[in-house]
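Here are my notes on this model, as numbered points. Please read them with the structure open.

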Amino acid sequence: MTMVYHDDDGNVDYLRGKRVGIIGYGNMGSPMALNLRDSSVDVVLHEPRPERREIAIADGFSPIAIAELVEVSDIIMPLFRDEAMPKIYLEGVSPHLRRGQTLIFSSAYNLTFGFIEAPPFVDVGLVAARTHGAAVRNRYLSGEGYASFVAVAQDASRNAWPTILAVAKAAGALKVGAVELRFEQETELDLFLQQAVLPVLHQVVITAAELLMKLGYPPEAVFTELYLSGETSDYLRAAASKGLLKALDSQSLTAQYGILSRYERFNDLKLERLMEITLEEIRSSKFAQEWSREFNADYPRLRSLLKSRQAMDMWELEQQTIDSLRRDSD
């Protein structure tokens, strides 16, 4: 049975007298630093980007050099973006690590694919929020918390788990439940969602919008019905709260019949095979190698893909719809 940890499993007092050093004040570094500080954890920060450093200072932090951070911290959280973290780790973190310290990552990506290798004398753990950074902060402040994954990849001290769970609790990551899994599983699941589920969602929504507008439905009505009204996200929120099956209860009987009776129409074996191929690319490191080349070349394909997507005519119609819907609320 897979372990799922909750608030009672973590003890923030375990962090008393210990200092947490956070590297990066971006998407995940900022909410983690703020959440831990608000839980009375001693936090120090390093941020190399001037614009983010200004934000950190405005939030009450005093960023320090990375070598100093590693020197004075008991727990080090490298929270920079995946593709940039290996160089920062190799040059600024690795040379200064000492026995008894703990590395806690928010993404297992770099360790899974060997871009970062921790020395055998430190503990290595994972506290990975299953949502974006803004929600990590907002749901901490609201008290509702967020779902997360936790893992221990290396337990040199034989006390890694109390540290991981204490940090997770202080950050709000145990409120909804933290699922224990292996580092490589977190990476593979995260990339699979990004590469096999979200592309399908984008394809379905864009295809539907283009079809409906081609057949004469007003763009304002099309975008509102498909996603701008929030009805779709409300359905997914119900699924997040009660489960996908029970989310059907919030739908009318007409909707329930329509969903269930037409489900098999879209049950294409080709889709399953495409998902299998995508997972194989992830697990074999083929995607990681591709993304590494893309990063080292300064993102040429990503720029091209974004430019191509942004050139689609429908985004201007979408923006006009957004402006029309929000006019009265401004």
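1. Start with the largest nonpolar core of this predicted model. This core has 35 residues. I22, M32, L36, V41, F61, M77 and V127 touch the most other members.

2. Which elements give two or more residues to this core? They are β2 (19-23), α1 (29-38), β3, β4, β6 and α7. Helix α7 provides the largest share, six residues. Nonpolar side chains tend to be buried together in soluble globular proteins.

3. Look at L36 next. Leaving aside residues up to four places away in sequence, L36 touches V20, I22, V41, V43, M77, V167, A170 and A171.

4. There is also a second, separate core. This one holds 26 residues, among them Y89, I116, V122 and V124.

5. Now the sheet. Eight strands make up an open sheet with mixed pairing. The order is β1-β8-β7-β6-β5-β4-β2-β3. Why is one side of β1 and of β3 left without a neighbour in the sheet? Both β1 (4-5) and β3 (42-46) stand at the edges, each with a single partner strand, so one side of each has no neighbour there.

6. Strands β5 (residues 102-105) and β6 (residues 123-129) pair in the parallel sense, over four bridges. T102 has D123 in β6 as its bridge partner.

7. Helix α7 (residues 160-170) packs on this sheet. The helix touches β1, β4 (75-78), β5, β6, β7 (148-154) and β8 (178-180). The direction of α7 makes about 155 degrees with that of β7. So check α7 in both settings: α7 packs on the sheet, and α7 gives six residues to the largest nonpolar core.

Definitions and conventions:
Residues numbered from 1 in each chain as written. Predicted model: local features only at pLDDT ≥ 70, side-chain atom pairs only at ≥ 80, totals over all residues. Heavy atoms only, no water. Pairing = 2+ DSSP bridges. Contact = heavy atoms within 4.5 Å. Axes fitted to C-alpha atoms, helices over the stretch in contact; angles between N-to-C directions. Core = buried A, V, L, I, M, F, W, Y, C linked by side-chain atoms within 4.5 Å. Buried < 20%, exposed > 50% of the residue type's maximum accessible area, 1.4 Å probe, protein only.
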